[in-house]
Amino acid sequence: MSAPQDSIPPNGSDLAETMDQLNLNEHEQRLGPDGEPAPKTDEEYAQTQLTLRAIVSSKEAGVIIGKGGKNVADLRDETGVKAGVSKVVQGVYDRVLTITGGCEAISRAYAVVARSLLEGAPSMGMGGVVQNNGTHPIKLLISHNQMGTIIGRQGLKIKHIQDVSGVRMVAQKEMLPQSTERIVEVQGTPEGIQRAVWEICKCLVDDWQRGTGTVLYNPVVRTQTGAAPGGYGQDRAPYGGPRVTRTGDGADFSSAPRSYNRRSDSDGAGRGPPTHDENGEEIQTQNISIPADMVGCIIGRGGSKISEIRKTSGARISIAKAPHDETGERMFTIMGTAKANETALFLLYENLEAEKMRRQQQASQGSE
């Protein structure tokens with residue numbers, strides 16, 4: 001694996017240097033996801049804006065929305081969040097709950113949701129018997145790239161969250177179809193879920209930059225046999241502005257005039273990578289983590305596959321030479337227009353899925 005990983009065409013080296021320069025500048029500034037100074041106190045975290053999504057069943061969605069939309073309207077009024085549930089997709093069990101607001105408001109909103117689900121859509125145990133232990137699971141959608149900050153080194157962070165909140169948390173290893181989001185199931189009382197979501201929100205705020213390259217899960221993909229670029233990750237909440245951070249959607253960060261790109265009228269022209277292409281379209285930067293044992297299949301022999309992805313998408317792609325943390329994953333940096341980045345992400349994940357299927361088939365043949 002090491003030979004092809006080092007055989008990367010040189011066109012990403014200059015980009016890597018400029019990205020290193022940008023990263024140094026950002027580290028010095030320590031800005032938060034909305035362009036303001038990074039939060040340090042609970043009061044500052046409470047007001048920091050982001051979006052936290054969760055998967056709910058059709059029945060749960062009905063309870064959350066309520067008759068004529070009454071329950072979701074009450075949720076907004078009570079907590080001050082913006083909240084909505086994705087539309088019904090025929091033949092698909094999943095829907096996506098999206099809640100946007102300050103960290104404190106989001107955590108309170110999820111407690112309200114958990115309380116309503118306890119009453120209106122109780123969990124079923126063995127043999128279809130309703131569980132009556134005062135807890136309910138909430139299936140949060142978390143960017144794969146941000147899972148490390150929630151789990152922590154040797155699992156210490158996720159253990160801390162469970163200890164202080166009394167919930168049980170289980171992180172799924174697989175990403176959802178045609179996305180880079182994973183499910184973190186939080187099971188507990190409404191009060192415990194509120195405390196756990198508060199801690200999770202703080203983690204996401206601290207690690208917001210790693211969430212900028214994530215493809216959002218859209219239940220529609222479960223009805224599709226094949227997807228083309230643009231056919232995934234479109235389940236974006238219909239609200240928010242420059243000061244609203246989405247967990248995972250790079251386009252939302254890049255739209256903030258003084259946030260991710262860190263440029264101003266006076267000093268933006270002289271440093272960092274280009275901000276617009278020759279047609280005037282904004283250049284966006286997205287980072288994704290690729291498992292170490294998958295990097296070789298993405299690059300291809302002599303760099304052939306990554307070169308083809310660059311050529312087809314029009315995006316510039318550079319690859320870190322070393323893992324970025326203890327998971328051993330390597331960071332891929334993609335720079336281009338929104339369309340170019342979307343195409344590059346689709347091709348990258350298409351290669352990943354193909355390689356996963358090939359390995360599964362090999363494993364099944366070997367066990368026969």
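## Exercises on a predicted model

Let's start with one pair of residues: Gln284 stands opposite Gly336 in β9. This is a predicted model, in which local features need pLDDT of at least 70 and side-chain atom pairs count only at pLDDT 80 or more, while totals for chains, interfaces and linings use all residues. Residues are numbered from 1 along each chain as its sequence is written, and side-chain values use heavy atoms, with hydrogens and water left out.

**Exercise 1.** Find which strands pair with β9, and in which sense.

*Solution.* Begin with the terms: strands (E, at least two residues) and helices (H or I, at least four) are DSSP runs, numbered from the N terminus. Two strands pair if DSSP finds at least two bridges between them. Next, take β7, residues 284-290: seven bridges join β7 to β9, and the two run antiparallel. Then turn to β8, residues 316-319, which is also antiparallel to β9, with four bridges. Here Ser318 stands opposite Thr333 of β9.

**Exercise 2.** Work out how many residues of β9 are buried, and which way they point.

*Solution.* Buried means under 20% relative accessible area, exposed over 50%, and partly exposed in between (1.4 Å probe, protein chains only). Strand β9 covers residues 330-336, and seven of its seven residues are buried. Now split them by direction: Arg330, Phe332, Ile334 and Gly336 point one way, with Met331, Thr333 and Met335 pointing the other way.

**Exercise 3.** Explain why Cys203 has no disulfide partner.

*Solution.* A disulfide is a covalent bond between the sulfur atoms of two cysteines. The test used here asks for a pair of cysteine sulfur atoms within 2.5 Å. For Cys203 the closest cysteine sulfur belongs to Cys201, 9.3 Å away, so the distance is too far for a bond. The count for the model is zero disulfides. As for exposure, Cys203 is buried at 5% relative accessibility, and Cys297 is buried at 10%.

**Exercise 4.** Locate the helices where confidence is lowest and highest.

*Solution.* Use pLDDT, the predictor's confidence in each residue, from 0 to 100. The protein chain averages 74, and 70% of the residues score at least 70. Confidence is lowest in helix α10 (residues 250-254), with a mean of 29, and highest in helix α9 (residues 190-206), at 95. Finally, look at residues 225-272, where pLDDT stays under 50: the model has 115 contacts (heavy atoms within 4.5 Å) beyond four places in sequence for them. Residues 125-130 also stay under 50, with six such contacts.
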